[in-house]
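Work through the exercises below with the sequence and the 3D view open. Try each task before reading its solution.

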Amino acid sequence: MKLEIACPKCEWKPDGGAHWVCTCGHVWNTFETTGKCPNCGKVWKDTACPTIPGGCGAWSKHINWYRNLDDTMRDEIEEILNEESTKAKLSTDKNTPNT
Ligand SMILES: [Zn+2]
Ligand SMILES: [Zn+2]
């Protein structure tokens, strides 16, 4: 079964483009990485609906964008989000990026 992804507020579907910008300045497709910035490792538990490609601009929980998730997959994604955010926090504590 193919996972469906859509904005919980307006039903906009990600088109595979890089529409999300991290606080580090990196631009990427957040659904390729379960909300994790591939540049700095920050995990975005909330995902904005990008207005430029036609979304509504509202923020929703990253997990709520996934449709037809069964309980096992939901648990797995939540685990990734929780684990990665702990790791990201630890690594940013250690290496403060040069600004
Ligand atoms: Zn980043
Ligand atoms: Zn939307």
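The exercises start with the whole chain and then turn to single residues.

**Exercise 1. The whole chain**

Task: State how many helices and strands the protein chain has, and in what order they come.

Solution: Begin with the count: the protein chain has one helix and six strands. Next, read along the sequence, where the pattern is β-β-β-β-β-β-α. The helix, α1, spans residues 71-94. As a last step, look at burial: of the 99 residues, 14% count as buried.

**Exercise 2. Confidence**

Task: Find which element of the chain has the lowest mean pLDDT and which has the highest.

Solution: The model is predicted, and the mean pLDDT of the chain is 88. A value of 70 or more is reached by 83% of the residues. Now compare the elements: α1 has the lowest mean pLDDT, 74, and β3 has the highest, 98. A general caution applies here: where pLDDT is low, the predicted coordinates should not be read in detail.

**Exercise 3. Two residues with positive phi**

Task: For Thr34 and Asn68, give the location and the phi angle, and decide whether each is buried, partly exposed or exposed.

Solution: Take Thr34 to begin with. Thr34 sits in the loop between β3 (27-28) and β4 (46-48). Its phi is positive, about 50 degrees, although Thr34 is not a glycine. Thr34 counts as partly exposed because it has 16 C-beta neighbours inside 10 Å.

Now take Asn68. Asn68 lies in the loop between β6 (66-67) and α1. Asn68 is also a residue other than glycine with a positive phi, near 35 degrees. The cut-off for an exposed residue is 12 or fewer neighbours. Asn68 has 9 C-beta neighbours inside 10 Å, so it counts as exposed.

**Exercise 4. Far in sequence**

Task: Determine what share of the contacts with a separation of 6 or more joins residues 24 or more positions apart, and give examples of pairs distant in sequence.

Solution: The share is 47%. For a pair of residues, start from Ile80, which is found in helix α1. Ile80 and Thr34 are 46 residues apart in sequence, yet their C-alpha atoms are 7.8 Å apart. Ile80 is partly exposed because 17 C-beta neighbours lie inside 10 Å.

A second pair begins with Lys45, in the loop between β3 and β4. The C-alpha atoms of Lys45 and Asn82 are separated by 8.6 Å, with their positions 37 residues apart along the chain. Lys45 has 13 other C-beta atoms within 10 Å, so it is partly exposed.

**Exercise 5. Two strand residues**

Task: Is Thr47 buried or exposed? What of Tyr66, and which residues does each one contact?

Solution: Thr47 is in strand β4. The cut-off for a buried residue is 20 or more neighbours. Thr47 has 22 C-beta neighbours inside 10 Å and therefore counts as buried. Leaving out residues up to four places away in sequence, Thr47 touches Thr30, Gly35, Ser60, His62 and Trp65. The C-alpha atoms of Thr47 and Trp20 are 8.5 Å apart, and the two residues are 27 residues apart along the chain.

Tyr66 belongs to strand β6. Tyr66 is partly exposed because it has 18 other C-beta atoms within 10 Å. With neighbours within four places in sequence set aside, Tyr66 is in contact with Leu3, Ile5 and Ile77. Tyr66 and Phe31, 35 residues apart in sequence, are 9.4 Å apart from C-alpha to C-alpha.

Terms used. Residues are numbered from 1 along each chain as its sequence is written. Chains are lettered from A and ligands numbered from 1 in the order in which they are written. This is a predicted model: local features need pLDDT of at least 70, side-chain atom pairs count only at pLDDT 80 or more; totals for chains, interfaces and linings use all residues. Helices (H or I, at least four residues) and strands (E, at least two) are DSSP runs, numbered from the N terminus. pLDDT is the predictor's confidence in each residue, from 0 to 100. Two residues are in contact if their C-beta atoms, placed from the backbone, lie within 7 Å.
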